[in-house]
Amino acid sequence: MQRIGVFVCWCGTNIAGTVDVVAVAEALKKEPGVVFSANYQYMCSQAGQDLIKAAVKEHNLTGIVVCSCSPRMHEATFRKTAAAAGLNPYMVEIANIREQCSWVHKDVPTGTEKAIILGKAAVAKVNLNVPLTPGESPVTKRALVIGGGIAGIQTALDIADAGFEVDIVEKKPTIGGKMAQLDKTFPTLDCAACILTPKMVDVAQNEKIRIFSYSEVTEVKGFVGNFDVTIKKKARYVKEELCTGCGACTEKCPMKKVPNDFNLNMDTKRAIYIPFAQAVPKVATIDADYCNMLKNGKCGVCSKVCAAGAIDYTQKDEFISEKYGAIVVATGFNPISMDKFDEFAYNQSKDVITSLEFERLTNAAGPTAGKLLRPSDGKHPEKIVFVQCVGSRCDACNEKGKEYCSKICCMYTAKHAMLTRDKYPDTDVTVFYIDVRTPGKNFDEFYRRAVEEYGVHYIKGMVGKVIPDGEKLIVQASDLIAGKQLKIDADLVVLAAAIEPDKSARPLATMLTASMDTNDFFTEAHPKLRPVESPTAGVFLSGACQGPKDIPETVAQAGAAASKVIGLLAKDKLTGNPCVAQSNEMMCNGCSTCERVCPYGAITYEDKEFRMPDRSTLIRRVASVNPAVCQGCGCCTVACPSGAMDLKGFASEQIIAEVDAICK
Amino acid sequence: MSNSKKYLQEELIRISGVNPKKCMRCGKCTATCPAYDEMEYHPHQFVYMIESGDIEPLLESESLYKCLTCFACVERCPRSVEPAKLVEAVRLAAIRKQGNNRLTANDIPALLDEDMPQQAIVSAFRKYTK
Amino acid sequence: MKFSYFPGCTLKNKAKDLDNYARKCAEVLGVTLEEIENWQCCGGVFTTAKDEVATKLSSVRILKDALKKEQALVTVCSACHNVVKQTNYAIQNDKEFAGKVNRYMAEDEYNGETQIYHYLELIRDVIGYDKVKECTVNPLTGKKIAAYYGCLLLRPNSVMRMDDPENPSIIEDLIRAIGAEAVVYPYRNECCGGYVRLEDAKLSDKKSNAVSESAKKAGADVIVTACPLCKYNLEKSGCEIPVVYITELLAEALGVKEDTNE
Amino acid sequence: MQVKEYKPLIVAFCCNWCSYAGADLAGNNRLNYPADVKIIRVPCSCRVNPTFVLRAFQRGADGVILCGCHPGDCHYTSGNYYTRRRMALLFSMLDYLGIERERTRVEWVSAAEGAKFAATMNDFAEKVAALGENKRLEDLRCKK
């Protein structure tokens, strides 16, 4: 039998105004198990807490009921008080007689009657409370960052800076991501490579950071603090540790017609290649689809010219298992395919390009060495039309595009238009827009400069059709302000394609049990207050995998994700919520129902040996809850057909006791 | 909006099955319309004017009979507003009124020629006459 | 292989070639087209209005007839195809409309079960271009042919589902299969002016001219179409290169053209 | 003869993250609802076993209401979907037993919807009061 103390708070007149606190204390004194009852003006004050502590000592209390404000307000306070008095903090229950009683009822008899009932329910529950201890689990002090773009790079650097080990897994042969492909960055027009490549070098040189390039995550097991991850290192047919990145092989390889994906297939590379000069790691990779040696055993040139002896045609995919305490997703974005938007003639003319392609065309390291030339004939385009919102802001039932605003297009289009006018003042530049969205710092000023100083012609309207006509592209569009349908003879049309999450994100989300929205962006634990955490504990979000973002926002979020990871890794042990599910193995019939309803994958089944009364042993399949993963929703307790599953702190018995107390 | 305007608006939305509120005013329909030069009110204006209840001018407009029903605006509209269906709804609202038939059987002989396919006459009748 | 076949009214009068050659070619390619009995005109255009039911019933009768014979339905005329297909789509996707339609019709309920092929789809999806190549006895080598799709075959794509509505290839692939050169030009999916010729011939001329000029500029010797109204509008507006039905060229390639000339 | 005023007894199960907070907000804003409503806090609406509802009716409750987060907003991602299905089944069975549908309800109340919480409770209490005392499931052995 418990020895329960009841403490009724007045909360000044907040409670005492509508509830006769003395009567409540008196009435509850008669309840089974109650050995002490008191009332006080402010229970949460130091004096009030001292009163509780003294009573615990004096009356050898084993349980406490506080009739006060909402447990959402002061449950933690009173649990600490109990702990200070030597009681298990989970032996405290709160009867909410303020928010849910005195504040919503007007007269004293009603309020008092209800407060007594609420108090009785709490007493009934405490009678069945048992001391609970939060589970502890160790933390592997290493983080995994999936994706090596600017988001992943920044997160990794920040985590490493705090002294923790970080691994970056990047599916391409080099880190750098989309930012490495950009020319200049808005709104300051810094050269992207000038600000990105030093960070890439920092990553390469940081002792705490390992880079798994040309690699993918293939399996994730475990839970916060204790993830087991399998990483596939794809065969690059070059020994990373031996390759010096001298580039001799990439010059001598006879297979010259390999589409160069780094330049968006606007030029070619060799079958053995280093994506770009500042690649990290600066190691060659063989494209097995094009290499003659790998396809039919005839060639071997790269092996002959490699002074370091790094070429290895027999290399196989390698699987590595690693342990991590936290995982950061930084899988980034891609522009959507333009196949479904051929009214803009992307597949009909080489001179209709996407903005990312334009970025490569203006980049000094790009296919035209930075000269703005038409892909079709290498001539300088005299009239350029930019089309915004291609595939963004589409209706949900429209099968072609995306419902959301891609966010970055207005600004990069203004940048492209401005840079074109700056470098080639004789070029006529027109931008078709629906709305110009420039809410960032110095963004609108930037856009206005494009119009006012650089003379970019902005037209409110949309392009309906691009008609390839000999060397020209006839752009048929609306000018909504002039009330005209225009036909512009352009030399180059640039489409601001919507962006979408990388295709690798969906299978990764499944592996991580992290949730995604309908557009395959990762969802955050709370859209406002926990924007860099996934609802799955130990999984964090960085960059455009969570939603369209520009570089400053990505870097800010990357830092925020890193700080959350550091906060987690700084702990030696993780204390969980002790109110977790627990299976009674003697009652469990091994049906797996609970396993199926658990949203966290916290329940597993194992074959266990049981000693029978006749001393024989029996192996039975029973449920087992991982307390570190269980979040305590209790869904499994209801699903369990044999009643074996229960929730600590909210046991079926306790809730029924409350029901009974209320219905008495 | 007056009650009669509201009634007409609801009627048009019902006939067309289209929600003009979905429009984001990009003007792609008007950019794409092959009959633009012949129209007084253009596809995006049909959407906008129906949404704001300013429908009378549309009912009177020659533009109703210039739409080619080529579905280019339906195909290219990013918001699934499908302006051609609204144009059709207004045209029907106009010609369904007594005596408002655009084309009568008596007009046909003058328009016919040796090679004209039946399809042209049948279609025109469907579009211009009730 | 037997299919229900709906020629439509124009093919019985002004566009007999389109019909006759379609049947002849089908026979050569191993497909029998059985004409639906007592069919009525489809109406020429699909009325998008939700409250127009009676005008769509003739299409429903055609579809029901094919269903009764447990055959897929084949159409040739672009306009008929558009009307029948849009009607079928409306029955499949608009319960209220389907209900009204079925209350009009005395017999069994129809819920959009019939599969509809345009003649071009029949060739692509059922017969196959390889079979066409095999049966080609008179390849049209060296001929530069421009395919004119117009609007009705391709749009709205959510209903028609024939090909990429902005960059189609179904006619071009057939042109190549019969040994000719396909000329791709930007106006091939633009409108010819359609029935508006009766209302405003100038508009129709302008639209048709844009198409034929575009084809000519791209180097075409001949324009092919599957729509009698497109052919009429192009010719009427003074197109300088011949406009023929796709079935006529196919018949020429398959060596059955002379037979049908009466 | 003395007529005792009939007051319904209503048990409300509220999830900790949304509805219980919504009830607190109703209190903060001093929005009245009948004292007949007594709230039991559960971590998630999916913690409510149908037997709890039956138990309440057996012990003389006149109405039982479950409140959870809005669909898609569940703190535990999917708990309220389970609640919705389980309770649909339970309520149809209670209906079969002759317990009026109006005595049971599932309602989504977010932490920001104090007003909705109060309005829901007022409405529910009124409907239950109109039905009168629930005797059908009441276990007379439970009566003193």
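The following exchange concerns a predicted model and takes up one strand, a chain contact and the domains.

Colleague: Is strand S27 of chain A enclosed or open to its surroundings?

Modeller: A residue is taken as buried if 20 or more other C-beta atoms lie within 10 Å of its own. In strand S27 (residues 492-497) of chain A, 6 of the 6 residues are buried. On one side these are A:Leu492, A:Val494 and A:Ala496, and on the other A:Val493, A:Leu495 and A:Ala497, so both faces are covered. Strand S27 of chain A is therefore largely enclosed.

Colleague: Which residue of S27(A) is the bridge partner of A:Thr354, and which stands opposite A:Val387?

Modeller: Strand S20 (residues 352-354) of chain A runs parallel to S27(A) and is joined to it by 3 bridges. Strand S21 (residues 383-390) of chain A also pairs with S27(A) in the parallel sense, over 5 bridges. The partner of A:Thr354 in S27(A) is A:Leu495, and the residue opposite A:Val387 is likewise A:Leu495.

Colleague: Which elements give two or more residues to the side of chain A that touches chain B?

Modeller: Chain A brings 19 residues to the contact and chain B brings 13 residues. The elements of chain A that give two or more residues to this side are strand S24 (463-469) and strand S25 (472-479).

Colleague: How many residues of each class does the side of chain A that touches chain B have?

Modeller: The classes are nonpolar, polar and charged. In that order, the counts are 8, 7 and 4.

Colleague: What distance separates the centres of domain 1 and domain 3 of chain A?

Modeller: The domain assignment places domain 1 at 4-126 and domain 3 at 334-500 of chain A. Taken over C-alpha atoms, the separation of their centres is 67 Å.

Technical notes
Residues numbered from 1 in each chain as written. Chains lettered and ligands numbered in written order. Predicted model: local features only at pLDDT ≥ 70, side-chain atom pairs only at ≥ 80, totals over all residues. Buried ≥ 20, exposed ≤ 12 C-beta atoms within 10 Å, placed from the backbone. Helix = DSSP H or I, 4+ residues; strand = E, 2+ residues; numbered from the N terminus. Pairing = 2+ DSSP bridges. Contact = placed C-beta atoms within 7 Å. Nonpolar A, V, L, I, M, F, W, Y, C, P; charged D, E, K, R; others polar. Domains from an automatic or database assignment.
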